[in-house]
Amino acid sequence: MHKARRNKAAAAAESLLPEPEPEDEYRSMPPSAGKNVVVFQPMGRRVSMKGDKTLLELAQEAGVALESTCGGKGICGKCRVQPSQQGSSPSEKELELLGPDAITGERLACQTSLPEGGVVWVPEQSLLRQQVILTTGHRRRIEIDPLLQAKDITITFPARDKPRSMTDFLLEAVPGSDPSRLPLSVLQELPTCLREESGRATLVTGADREIIDVTPGWGAPCLGLAVDLGTTTVVAYLFDLATGTPLAVEAGMNPQVTHGDDVISRIAYCGEHPHGLHEMSTLVRESIDRLVRKACVTAGVEPDRIMDCIMVGNTAMHHIFLGLDPKVLSQAPYAPVADNWVNVKARQAGLSLAPEAWLHWLPVKAGFVGADTIAVALAVDINQVNLPTLILDLGTNGEMILAVTEKAICCSAAAGPAFEGGHITYGMRAAAGAVEKVVIDPSSLECSLTVIGDTKPLGLCGSGLLSLISQLVTVRAILPNGSFNADKMNTRLRSGPEGLEYVVAFAEQNGLGRDLVLTSKDVAEIQLAKGAIRAGVEIMMKELEVESLGRIILAGAFGNYLDPDDARNIGLFPAPDHCLIESVGNAAGEGAIMALINRYHRNAVNSLTRDLLYLELTTHDQFHDYFVDGMAFPDSEKEAK
Ligand code: FES
């Protein structure tokens with residue numbers, strides 16, 4: 001019934017999950033684990049209760065990562081656990097979200113506290129899963145011409161008759177550099193160069209003849225780092241700046257996901273907790289440091305040889321990383337605190353690289369068009385298009401650029417978390433157990449599924465969800481207005497507690513123990529997301545007087561795994577038959593690499609950002625009309641004629 005794919009990636013993902021312990025151990029545990037102690041099973045993590053904390057907060061303290069798409073607001077229903085003791089009483093809203101599972105004692109961890117302590121069973125599907133992370137772009141050839149340069153120099157012992165300071169040798173090697181601005185770390189290394197290497201040293205210089213580093217010995221590596229900081233994942237690319245050789249790529253989940261899947265939840269967390277911003281910023285800085293250490297081990301180098309770092313990410317990630325209050329991004333007019341390059345020493349930003357290493361954030365364009373979109377624009381070279389080209393980066397936010405010859409416009413549409421499986425009854429990340437492709441038989445409505453990893457299906461990731469809906473639209477089990485077609489009811493398309501629903505996998509075929517279904521409400525969520533994207537595309541086309549798209553570029557993880565035919569079938573964008581649709585992988589990461597290893601690309605960012613027009617959709621007078629029209633699915637019957 002399902003095929004195994006991406007087994008390697010899934011195995012890697014699984015290896016990050018806590019080692020499960022035998023179920024019997026949980027079953028044989030005493031009902032209470034000790035007064036005021038909560039034990040999470042099957043991983044056996046204990047935590048003492050302090051104050052009136054929810055089980056979600058206690059799980060985070062105990063290092064048990066639970067899915068918490070809504071950041072603990074009791075909306076997503078993903079943080080299900082089974083406490084052994086009677087806890088705080090469930091609200092009606094919680095009971096509604098739990099459905100029949102409430103009878104078996106399941107609770108939402110974010111809505112439950114156990115005043116006396118106890119044992120809490122964590123079902124497998126509630127554990128945060130490592131997403132399959134996209135690290136590669138379309139591998140454009142990038143000429144090596146970095147801003148930073150390393151060269152070998154020799155410092156000789158001062159002659160008795162003509163004593164001179166060691167710094168003179170540096171100033172001779174870099175004429176015009178300011179002697180009063182030599183970093184202390186450089187001065188401290190100079191005697192070591194004489195003592196240990198007979199004066200041989202590697203000197204690293206940056207912009208404006210700045211001396212950044214001196215280290216004993218010739219030929220010491222001069223390394224650069226490019227970081228793509230996403231809402232869900234973080235990718236770090238390590239490069240040798242002298243040769244442009246990629247040395248290592250490391251990727252991980254953004255640890256902030258335990259505080260919600262989308263940027264709005266993260267911004268809210270920063271505002272609602274006394275040290276929320278510091279906490280969120282620290283989480284992500286530490287995770288980048290971890291990735292850097294891993295990358296350095298892989299490459300056999302030391303982190304203190306990393307002299308330059310380029311970062312990209314959406315505006316909320318940019319603000320939170322830099323410790324800038326992101327609240328301004330959630331309030332009209334959604335203006336960022338800073339929109340230019342942010343150039344700081346890496347140590348100021350809390351990263352453990354070389355003592356004088358620089359960290360540069362690419363500019364952001366607007367509150368919801370971030371440095372990642374600018375990096376995508378750089379990677380796909382929007383200044384060189386010869387056909388009307390749409391670049392779409394879909395995530396919790398849809399960021400898009402429409403480029404024509406000598407002109408480009410961008411906007412952002414709040415697609416919500418539906419494309420990443422959020423707010424969908426059985427939605428999940430693109431991790432092991434996620435259905436990623438569906439094929440439906442038009443007469444029986446039976447389906448065959450492609451599942452990530454060698455496992456039974458547990459839920460639907462974004463590409464699987466769109467594949468499923470595309471198939472249901474094609475076989476007319478879903479009508480253009482988004483409702484299920486009652487004329488096609490059978491064992492698969494049936495009546496459920498919330499109206500008609502489609503059974504993707506029956507209980508005995510999946511790893512959930514209950515039927516995995518797509519509900520009418522789920523279809524409506526996708527319609528809202530699709531309506532927002534489609535409206536953004538149509539309004540940009542109107543602004544640039546584009547009648548028909550010639551090329552569509554899908555960027556980012558979702559764009560990479562999304563089948564272009566599915567996107568076309570559900571009417572995500574207007575794509576005539578002649579329109580070329582292609583995926584470019586992690587173009588944001590590629591743009592960051594380009595800025596790291598080629599100074600002309602780095603400079604090009606300024607004009608590109610300046611010339612890119614910005615369109616604010618929330619105040620556009622025709623947005624609502626385009627949005628409503630965009631929610632409808634194409635009529636497959638009409639198109640077949
Ligand atoms: S319902 Fe608990 S985290 Fe969303």
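## Exercises on rings, charges and cores

In this structure, the charged end of Arg-200 sits over the ring of Trp-218, 5.5 Å from its centre. Keep in mind that you're looking at a predicted model. Ready? Let's work through some exercises.

**Exercise 1.** Find the ring that the charged end of Arg-164 sits over.

*Solution.* Start at Arg-164 and look for the ring of Phe-169. The charged end of Arg-164 lies 4.5 Å from the centre of that ring. To count, an Arg CZ has to be within 6 Å of the ring centre, and 4.5 Å fits that distance limit.

**Exercise 2.** Classify the aromatic pair formed by Phe-321 and Trp-361.

*Solution.* Step one: the count of aromatic pairs here comes to 3. Step two: Phe-321 and Trp-361 are 6.0 Å apart, centre to centre, with 55° between their planes. Step three: stacked needs under 30 degrees and edge-to-face needs over 60, so the pair is tilted. Step four: check where the partners live. Phe-321 is in helix α9 (residues 315-322) and Trp-361 in strand β15 (residues 358-361), so this pair, 40 residues apart, links distant parts of the chain. Both partners are buried: Phe-321 has a relative accessible area of 0%, and Trp-361 is at 0% too.

**Exercise 3.** Now do the same for Phe-623 and Phe-627.

*Solution.* The ring centres are 5.7 Å apart and the planes meet at 15°, so this pair is stacked. Next, look at the helix: both residues belong to α17 (residues 623-631), and being 4 residues apart puts about one helical turn between them. Is Phe-627 buried or exposed? Its relative accessible area is 18%; the cut-off for buried is under 20%, so Phe-627 is buried.

**Exercise 4.** Explore the largest nonpolar core.

*Solution.* This core has 88 residues, and Phe-321, Leu-359 and Leu-362 have the most contacts inside it. Pick Leu-362: among the residues it touches are Ile-310, Trp-341, Ala-375 and Val-605. A second, separate core has 78 residues, including Leu-493 and Phe-558. In soluble globular proteins, nonpolar side chains tend to be buried together.

**Exercise 5.** Describe the surroundings of Gln-125.

*Solution.* First, locate Gln-125: it's in the loop between β6 (118-121) and β7 (149-154). Second, with a relative accessible area of 25%, Gln-125 is partly exposed. Third, leaving out residues up to four places away in sequence, Gln-125 touches Glu-67, Leu-512 and Arg-514. Finally, the C-alpha atoms of Gln-125 and Leu-291 are 26 Å apart, with their positions 166 residues apart along the chain.

How values were computed:
Residues are numbered from 1 along each chain as its sequence is written. This is a predicted model: local features need pLDDT of at least 70, side-chain atom pairs count only at pLDDT 80 or more; totals for chains, interfaces and linings use all residues. Side-chain values use heavy atoms; hydrogens and water are left out. A nonpolar core is a set of buried Ala, Val, Leu, Ile, Met, Phe, Trp, Tyr and Cys residues joined through side-chain atoms within 4.5 Å. Buried means under 20% relative accessible area, exposed over 50%, partly exposed in between (1.4 Å probe, protein chains only). Contact means heavy atoms within 4.5 Å. Helices (H or I, at least four residues) and strands (E, at least two) are DSSP runs, numbered from the N terminus. Rings of Phe, Tyr and Trp (its six-membered ring) pair if their centres lie within 6.5 Å; planes under 30 degrees apart count as stacked, over 60 as edge-to-face and the rest as tilted. A charge sits over a ring if NZ of Lys or CZ of Arg is within 6 Å of the ring centre and within 35 degrees of the ring normal.
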